[in-house]
Amino acid sequence: MSKQFHEIRDPIHVFVRMDSREREIVDTAPFQRLRHIHQLALTYLVYPGATHRRFEHSLGVMELAGRIYDVITADENINDDVKNHFQELKHNDQITYWRRVVRLAALCHDIGHLPFSHAAEKELLPEGWTHETITRNLIMNSEISSLLECQKPPIKAKDVAKIALGPKEWKEVEFSDWEAVLSEIIVGDAFGADRMDYLLRDSYHAGVAYGRFDHHRLIDTLRLIKTNDGGVRIGVEEGGLQSAEALLLARYFMYTQVYFHPVRRIYDKHLIDFMTKWINEKYEKSEYDISIHLDITDIEVLAAMREISKNKNHPAHDDARRIMQREHFRILYSHQPADFQLDPDFASNACKSIVEKIGEENVRFDSYHPNPGHVSFPVLMRDGLVEEATNDSSVIQNMPAFKVDFIFVNEPHFDAAKRELDAYRQSLQDSSDQNQ
Amino acid sequence: MTPNRKQDALVMELIERLRAHGSWAGETHVQKTAYFLKELANVPLNLDYVLYRHGPYSFDLHEELSFLMTDGMIKAQYSSDHYGPHLILTERGKKWKNIWGENYIDNFTEKLEKISSFVGSKNVRELEKISTALFMTLKHNNKNDKYLARRINELKPHIKVNDALDSIVKARDIVHQWNN
C-alpha cells in the first residue's frame with residue numbers, strides 16, 4: 001500500500017507534512033529548481049551560515065499557512081457575524097477545498113524567483129514582468145496546472161495563483177473579501193506565513209537571535225474578526241497581542257541587522273551589475289520566457305562568475321572580481337539624522353554631486369525607508385470589543401522606523417568622494433544658516 | 001520606491017484638506033480621496049488601485065504614507081474610538097509640503113477642495129459602497145447596473161444587492177455631475 005502522507009524534516013518546524021497530491025507538486029521541475037535558488041542571495045558572504053534555499057522556505061510557508069488556516073476556520077473560533085460574512089465557512093466541502101488551495105498557494109508562492117532571489121529582477125526581466133508574473137505563469141501554464149486539474153476533486157489553478165499572489169501583485173483580477181483574506185494568510189503584512197517563516201529561518205541560518213518570536217502562540221490566537229467598520233479581517237485575540245508585537249520587532253531587527261547590512265547590500269549591487277552583463281550575452285531582455293527561467297539557477301550564475309573573474313577581457317570581469325575576491329565598493333555614507341534634518345533627500349542629492357565628481361561607474365546608491373509600525377490589525381479584546389492594534393499597543397505605536405541610505409564608492413576614489421560629500425553638506429549648512 | 005516629492009506634497013495637502021472638512025483623516029479616507037481625485041478629477045497621481053480593503057485601495061499609496069511617516073512628515077494620532085489612527089502633518093511636513101508643492105499644488109486647489117468636502121463628510125461604510133460602485137462602473141463600463149450590483153455583492157457580501165444598486169446610481173450621478 002503506497003504512502004498517502006509524507007514528512008520532511010525541517011530545522012525550523014521539526015516536520016513539514018504533506019499528502020501525496022502536494023508531494024506531486026513538490027516533485028515538479030519548477031519546484032525542484034528552488035533547491036538551487038538561495039533565499040538570501042549573497043548574504044552568506046557576510047553570514048556564512050545563510051546558505052538556505054527557497055525550497056525549504058516554501059515547504060515551511062506551506063506548513064505554517066496550513067496551521068493558520070486550521071486555526072482561523074475552526075468552528076470554535078468563528079462567530080455568527082463572521083460566518084454570515086463568509087458563506088464559505090458554512091460548507092465543509094468549501095472549507096476543505098480552500099484549505100488545499102491555501103497550502104498549494106503557499107507551496108508555490110516563490111516558484112517564479114530569479115537566480116539569487118530579488119537581486120536582479122528589474123534588470124533581467126522584460127518590461128512589466130516580475131517574479132510574481134512568472135509565478136502566475138508557472139502555476140497556470142506548466143505541469144503544475146495539469147496536476148492540479150487531475151486532483152480529485154480538481155483544484156482550479158487560477159485559485160491557487162490568486163491566493164499565492166494576492167491583490168497587490170495581481171491587479172488585473174478581482175478578489176472577493178474571502179480570497180483577499182486567504183491571500184493574507186500567506187503574504188499579509190502583519191501575520192503572513194511567508195514573513196513568519198523567513199524571519200525564523202533566516203535568523204536560524206544567519207546565526208542571529210533577532211528573528212525569533214513565539215509563532216506557536218501567535219498562530220494559536222489568530223482569528224477572523226468582524227471590525228467596527230463592517231469588514232472581516234485577520235487579527236488576534238487580546239492574549240496574542242504580545243506575540244504579534246514580537247513579530248514586528250523581529251522584523252525590525254532582521255531588517256536592520258541582516259537584510260540591510262551594508263556589505264550585503266553592496267554585494268547585491270555588484271551582483272546586479274554582473275548578471276545584467278552576463279545574461280545580456282545570452283539573450284535579449286524581451287526574449288526572456290519560462291523555458292529560460294527554468295534553465296537558470298544560482299549554480300549557472302556562480303559558475304559563470306568564477307570563470308569570468310579570471311577573464312580580464314570579459315565585460316563583466318570587474319563585477320565578478322568584486323564578488324569573488326571580496327573587492328566590493330566601500331561604504332562612504334549611511335543615513336545621518338542631522339543631515340536628514342537639513343534635507344530629506346540628503347543622501348540622493350549628495351550622491352548626485354559625488355557622481356558628477358568621480359563618475360557613475362564608481363558610485364552605487366541604495367535607499368529604502370520601510371515603516372514596520374505602519375501595520376494595522378484588529379484585536380479581539382477579552383470583553384468582546386474590537387480594537388485596532390495601533391490604539392491598544394504602545395509597542396506598535398512607537399515601533400521604530402528606519403531609513404537605509406547608503407553611498408558606496410570604488411576604493412581608489414574614496415578620498416575624492418569624501419571631500420565632495422563634506423562640501424555638499426557644508427553648502428547645505430551655509431544655506432540653512434543664511435535662511436535663519 | 002523613489003520619492004515623488006510633488007506627489008508627496010499633494011498627498012499631504014489632501015490630508016490637511018480632509019481634516020479641515022471635519023474628517024478624521026485615517027488611511028481609509030486618504031485612500032478614497034486620492035482615488036476620487038485620480039478617477040473623477042483626473043489629478044495626476046501615480047497610483048494603481050485595486051479592490052481591497054473598504055473598496056478601491058492603492059498599495060503604492062500605503063507605501064507612500066509609510067515613507068512619509070518614516071521621513072517625519074506625517075504622524076499617526078491614536079484615539080480611543082476603536083478605529084485606526086488619524087493622520088496629521090508635523091511642522092516638518094508642513095514646511096516641506098510648501099517647498100515641494102510650490103507652483104504645483106495650486107493647480108489642483110479647487111479639485112482638492114471639492115473632493116475633500118465630499119469625502120470628509122462620509123463614514124467608512126458609506127465610502128466603501130460609493131467608491132466600490134464607482135470602481136466597478138468605471139472598470140466594467142459596458143455592463144448594466146444589475147450585473148454590477150450582483151458582482152459587488154459576490155465580491156463584498158456585506159454590501160447587499162439593493163445597497164449596491166443604490167450606490168451605483170449615486171456613482172453614475174457623481175460622474176455625471178463632475179463631467180458637467
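A salt bridge, as the term is used in these legends, is a side-chain nitrogen of Lys or Arg within 4 Å of a carboxyl oxygen of Asp or Glu. By that rule, 6 salt bridges cross the interface of chain A and chain B in this predicted model.

**View 1. Chain A and chain B meet through 36 residues of chain A and 38 residues of chain B.** Start here to get your bearings. The size of an interface is often given as the accessible area lost when the parts come together. For this pair of chains the buried area is about 3500 Å², with 51% of it on carbon and sulfur atoms. A:Glu174, A:Asp229 and A:His374 are the ones to look for, since together they supply 21% of what chain A buries against chain B, more than any other three residues.

**View 2. A:Glu174 pairs with B:Lys139 across the interface.** In this salt bridge the closest N and O atoms are 3.2 Å apart. Polar contacts join the chains as well: 13 residue pairs are found across the interface, both partners being at pLDDT 80 or more. If you follow the backbone of chain A, several elements each bring at least two residues to the side that touches chain B, namely helix H9 (157-169), helix H10 (177-187), helix H18 (337-342), strand S8 (386-388) and helix H20 (389-392). Sorted by character, the residues on that side of chain A are 11 nonpolar, 11 polar and 14 charged.

**View 3. B:Arg5 and A:Asp345 form a salt bridge, 2.5 Å from N to O.** B:Arg5 belongs to helix H1 (residues 5-20) of chain B, while A:Asp345 sits in the loop between H18 and helix H19 (346-358) of chain A, so this pair joins two chains. Both B:Arg5 and A:Asp345 are buried. Widen the view a little and you meet a network of salt bridges that links A:Asp345, A:Lys403, B:Arg5, B:Asp8 and B:Asp71.

**View 4. Two further salt bridges lie within single chains, one made by A:Asp189 and A:Arg195 and one by B:Arg172 and B:Asp145.** Side chains of opposite charge can pair when their charged atoms come close. Over all chains the count comes to 44 salt bridges, so here are two to inspect by eye. Between A:Asp189 and A:Arg195 the closest N and O atoms are 3.4 Å apart. A:Asp189 is partly exposed, at 36% relative accessible area, whereas A:Arg195 is buried, at 10%. In the chain B pair, B:Arg172 and B:Asp145 bring their closest N and O atoms to 2.6 Å. That pair links distant parts of the chain, with B:Arg172 in helix H8 (residues 161-179) and B:Asp145 in helix H7 (residues 145-155), 27 residues apart. B:Arg172 is partly exposed, with a relative accessible area of 34%, and B:Asp145 is partly exposed too, with 23%.

**View 5. A:Phe274 is a member of the largest nonpolar core, which has 121 residues.** Along with A:Phe191, A:Met196 and A:Phe377, A:Phe274 touches the most other members of that core. Setting aside neighbours within four places in sequence, A:Phe274 is in contact with A:Val301, A:Ala304, A:Met305, A:Ile308, A:Ala316, A:Asp319 and A:Ala320. There is also a second, separate core of 51 residues, which includes B:Leu40, B:Ala41, B:Val43 and B:Ile115.

**View 6. B:Glu13 is a charged residue that lies in helix H1 of chain B.** Is B:Glu13 buried or exposed? Its relative accessibility is 9%, so B:Glu13 counts as buried. Beyond neighbours within four places in sequence, B:Glu13 is in contact with B:Lys97, B:Ile105 and B:Leu112.

**View 7. The backbone has a cis peptide bond from A:Lys152 to A:Pro153, and positive phi values at B:Ala25 and B:Asn42.** Most residues other than glycine have a negative phi, and most peptide bonds are trans. For the bond from A:Lys152 to A:Pro153, omega is near -10 degrees, and A:Pro153 is placed in the loop between helix H8 (143-150) and H9 of chain A. B:Ala25 has a phi of about 50 degrees and is found in the loop between H1 and helix H2 (27-39) of chain B. B:Asn42, with a phi of about 55 degrees, lies in the loop between H2 and strand S1 (50-52) of chain B. Their surroundings contrast: B:Ala25 is buried, at 0% relative accessible area, while B:Asn42 is exposed, at 61%.

How values were computed: Residues numbered from 1 in each chain as written. Chains lettered and ligands numbered in written order. Predicted model: local features only at pLDDT ≥ 70, side-chain atom pairs only at ≥ 80, totals over all residues. Heavy atoms only, no water. Contact = heavy atoms within 4.5 Å. Buried area = accessible area lost by both parts, 1.4 Å probe. Polar contact = N/O pair within 3.5 Å; in protein donor to acceptor, adjacent residues only side chain to side chain. Helix = DSSP H or I, 4+ residues; strand = E, 2+ residues; numbered from the N terminus. Core = buried A, V, L, I, M, F, W, Y, C linked by side-chain atoms within 4.5 Å. Buried < 20%, exposed > 50% of the residue type's maximum accessible area, 1.4 Å probe, protein only.
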